[in-house]
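Here is a short briefing on one protein chain. Please read it with the structure open.

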Amino acid sequence: MEGCIAQEIWVVGDDGLVHGNWWHGDWKGWYTLPGAMFPADAHVAAASRDTDFQEVWLVGSDGLVHGNWWNGVWKGWYALPAIPGATLSMGEGWEIKAGE
């Protein structure tokens with residue numbers, strides 16, 4: 001992690017909630033993004049455009065793309081219609097099939 005100022009990871013727990021943990025010199029501990037449930041095997045796509053903004057997306061069991069964004073505080077979940085069979089991707093190697 002040399003050269004990193006901060007970084008963050010997210011997972012979907014067995015409880016169906018998105019959990020995050022962030023690093024800034026050391027790992028700060030797990031927190032939960034409440035308000036939406038996902039399959040435990042759902043993949044998470046994430047982006048950070050700058051140090052004050054980040055966003056996460058997942059495809060829910062309803063086939064919709066769900067996102068939540070942070071700009072000082074988490075803003076809450078929103079949904080985008082998915083195109084059946086389309087791939088949600090964030091960067092090289094990240095692909096999530098909508099509706100799966």
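The protein has zero helices and nine strands. From the N terminus on, its elements run β-β-β-β-β-β-β-β-β. The model is predicted. Of the 100 residues in the protein, 32% are buried.

**Three-stranded sheet**

- An open sheet of three strands follows the order β1-β2-β3. Its pairing is antiparallel.
- β1 and β3 (31-33) stand at the edges with a single partner strand each, so one side of each has no neighbour in the sheet.
- Neighbouring strands of this three-stranded sheet are turned by 35 degrees against each other on average, direction ignored.
- β1 and strand β2 (residues 18-23) run antiparallel and are joined by six bridges.
- Within that part of the fold, Gln7 has Trp23 in β2 as its bridge partner.

**Four-stranded sheet**

- A further open sheet has four strands, in the order β4-β5-β6-β7. Here too the pairing is antiparallel.
- Its edge strands are β4 (45-50) and β7 (78-80), and each of them pairs on one side only.
- On average, neighbouring strands of this four-stranded sheet are turned by 25 degrees against each other, direction ignored.
- As a general point, strands of a sheet pair through backbone hydrogen bonds, either parallel or antiparallel.

**Pairings of β6**

- Strand β5 (residues 53-59) is joined to strand β6 (residues 65-70) by six bridges. The two strands run antiparallel.
- Glu55 stands opposite Trp69 in β6. Trp57 faces Gly67, also in β6, across the pairing.
- The hairpin of β5 and β6 has five residues between the strands. In this hairpin, Gly63 takes a positive phi near 80 degrees.
- β6 is also joined to β7, by three bridges, and these strands run antiparallel.
- The bridge partner of His66 is Ala79 in β7.

**Nonpolar core**

- Which residues make up the largest nonpolar core? There are 11 in all: Trp10, Val12, Val18, Leu33, Ala36, Phe38, Ala42, Val44, Val56, Leu58 and Trp77.
- β1 and β5 each supply at least two residues of this core.
- In soluble globular proteins, nonpolar side chains tend to be buried together.

**Largest pocket**

- The largest pocket has a volume of about 440 Å³.
- Its lining consists of 17 residues. Nearest the centre of the pocket lie Ala6, Gln7, Glu8, Thr51 and Gln54.
- Gln7, one of these central lining residues, is also the bridge partner of Trp23 in β2.
- Which strand supplies the largest share of the lining of the largest pocket? That strand is β4, with four residues.
- β1 (7-12), β4 and β5 each supply at least two residues of the lining.
- By residue class, the lining of the largest pocket divides into 10 nonpolar, five polar and two charged residues.

**Strands with several roles**

- β1 is an edge strand of the three-stranded sheet. β1 also supplies at least two residues of the largest nonpolar core and at least two of the lining of the largest pocket.
- β5 is joined to β6 by six bridges. β5 likewise supplies at least two residues of the core and at least two of the pocket lining.
- β4 is an edge strand of the four-stranded sheet, and β4 gives the pocket lining four residues.

Notes
Residues are numbered from 1 along each chain as its sequence is written. This is a predicted model: local features need pLDDT of at least 70, side-chain atom pairs count only at pLDDT 80 or more; totals for chains, interfaces and linings use all residues. Side-chain values use heavy atoms; hydrogens and water are left out. Two strands pair if DSSP finds at least two bridges between them. Axes are lines fitted to C-alpha atoms, for helices over the stretch in contact, and angles run from 0 to 180 degrees between N-to-C directions. On a 1 Å grid over the protein atoms alone, a cavity is a set of points where a 1.4 Å probe fits but cannot get out, and a pocket is an open set with protein on both sides within 12 Å along at least five of seven lines; lining residues have an atom within 4 Å of a point. Grid points are joined across faces, edges and corners, and a volume is the space filled by probe spheres set on the points. Ala, Val, Leu, Ile, Met, Phe, Trp, Tyr, Cys and Pro count as nonpolar, Asp, Glu, Lys and Arg as charged, and the others, Gly among them, as polar. A nonpolar core is a set of buried Ala, Val, Leu, Ile, Met, Phe, Trp, Tyr and Cys residues joined through side-chain atoms within 4.5 Å. Buried means under 20% relative accessible area, exposed over 50%, partly exposed in between (1.4 Å probe, protein chains only).
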